Amino acid sequence: MDRLLDILASIFSSPFLIFILITAAVALSIISLFFTLILARKISSIITSIKTSQPTAPQPSSTVPAVKTTQKPSATGFVRVAGGLESLEEISSTLAVNSIFLFNLAGMSIEAYNIKEEDKLAAILADILASLRKNGFPTEIIALRDSIQGYILSVTQVGEMEVFALILGGPEVAIDVEEARQLLKDYVTSMIKRGG
C-alpha cells in the first residue's frame, strides 16, 4: 500500500504532469473564448435579421385608461418622462428605439417589443453574458454597433433574478442609456406590483 502511495505521489509531483495540466487549462480557456466569439457572431446575425422598421401601433382599447405623463426637457436635449409608462411600446417610443427585450440570466424571456424568436434570443444573450462574466468582462452596459445601434444593459435585481434589457435602434439613433435603464427599472417595478 505504501508503495502505491509513493508511486502516486511521484506521478502527481512530476513537472511533466504539471506542464500537461497547465497546457490543458490554457487550451480550455482558448476554446471558451472561441465559443464566446461564435455566440457573439450568432447574436449579431439574429440582431441584423430583426426588422428595423417600427410596426404600426395597435389601436388603444377603450378599457385601458390613458397614461398621463409629464415631460420636461433635460440639459442633453432629450425629453424625460416623469410619469410611469404602461408598455414596452411606450418606452420604445419615448426612447425613439425600434425594439426592447427584457430577459434574465437563466435565458428566460420576460417581455419583448418588436423582437422575433424571443426564447432563442434570451438563451443566446444569457450564454454570452455568462461567458463574459466568467472571463472577467464587465456586463453592466454592452454596446452593439453594426448596421443598427443597441445596448445590452443590466436593468434591476428582482430577488435573486437579475433583469437585463436588449435595446435596438437605427444607426442614427442616440440612446440615453441611463434614461433607458431608469424607464425600464420603473417598468419592471410596476410589472411586479401589478402581478403581485
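# Questions on a predicted model

Me: Where is Asn 114 found?
Reply: Asn 114 is found in the loop between E4 and H4. In these labels H is a helix (a DSSP run of H or I, at least four residues) and E a strand (a run of E, at least two), numbered from the N terminus. The model is predicted, so local features need pLDDT of at least 70 and side-chain atom pairs pLDDT 80 or more, while totals for chains, interfaces and linings use all residues. Residues are numbered from 1 along each chain as its sequence is written, and side-chain values use heavy atoms, with hydrogens and water left out.

Me: What is the sign of phi in Asn 114?
Reply: Phi is positive in Asn 114, near 60°, and this residue is not a glycine. The loop between E4 and H4 also holds Glu 117. Glu 117 is not a glycine either, and its phi is positive at about 50°.

Me: Why does Glu 117 count as exposed?
Reply: The relative accessible area decides this: under 20% is buried, over 50% exposed, and anything in between partly exposed (1.4 Å probe, protein chains only). Glu 117 has 53% relative accessibility, so it counts as exposed.

Me: How do you know that the span of H4 agrees with the expected one?
Reply: The expected span is 1.5 Å times one less than the number of residues. H4 covers residues 118-134, which is 17 residues, so it should span 24 Å; its end C-alpha atoms are 24 Å apart, and the two values agree. Buried residues of H4 include Leu 121, Ile 124, Leu 125, Ile 128, Leu 129 and Leu 132. An α-helix has 3.6 residues a turn, so residues three or four places apart point the same way. After H4 comes Gly 136, with a positive phi near 85°.

Me: What makes the sheet open, and which strands stand at its edges?
Reply: Strands pair if DSSP finds at least two bridges between them. Here 5 strands form an open sheet in the order E4-E3-E7-E6-E5, with antiparallel pairing. E4 (109-113) and E5 (141-145) are at the edges with a single partner strand each, so one side of each has no neighbour in the sheet. On average, neighbouring strands of this sheet are turned by 15° against each other, direction ignored.

Me: How do you know that E3 and E7 are paired?
Reply: There are 6 bridges joining E3 to E7, which run antiparallel, and the rule asks for at least two. Phe 101 is opposite Leu 166 of E7, and Phe 103 has Phe 164 as its bridge partner there. E3 also pairs with E4 in the antiparallel sense, over 4 bridges. These two strands form a hairpin with 4 residues between them, and Gly 107 in the turn has a positive phi of about 85°.

Me: Why is E3 described as mostly covered?
Reply: In E3, 6 of its 6 residues are buried. Ser 99, Phe 101 and Phe 103 point one way, and Ile 100, Leu 102 and Asn 104 the other. In a regular strand the side chains alternate between the two faces of the sheet.

Me: What makes the pair of Phe 101 and Phe 103 stacked?
Reply: The whole structure has 2 aromatic pairs. In one of them, Phe 101 and Phe 103 are 5.6 Å apart centre to centre with 25° between the planes. Rings of Phe, Tyr and Trp (its six-membered ring) pair if their centres lie within 6.5 Å; planes under 30 degrees apart are stacked, over 60 edge-to-face, the rest tilted, and therefore this pair counts as stacked. Phe 103 and Phe 164 are also stacked, at 6.0 Å and 25°. That pair links distant parts of the chain, with Phe 103 in E3 (residues 99-104) and Phe 164 in E7 (residues 161-169), 61 residues apart. Phe 101, Phe 103 and Phe 164 form one aromatic cluster.

Me: Which residues touch the most other members of the largest nonpolar core?
Reply: A nonpolar core is a set of buried Ala, Val, Leu, Ile, Met, Phe, Trp, Tyr and Cys residues joined through side-chain atoms within 4.5 Å. The largest has 22 residues, and those touching the most other members include Leu 88, Leu 102, Val 155 and Leu 184. Elements giving it two or more residues are H3 (88-95), E3, E6 (149-158), E7 and H5 (177-195). H5 gives the most, with 6 residues. A second, separate core of 17 residues includes Phe 103, Leu 129, Leu 132 and Ile 142.

Technical notes: Axes are lines fitted to C-alpha atoms, for helices over the stretch in contact, and angles run from 0 to 180 degrees between N-to-C directions.
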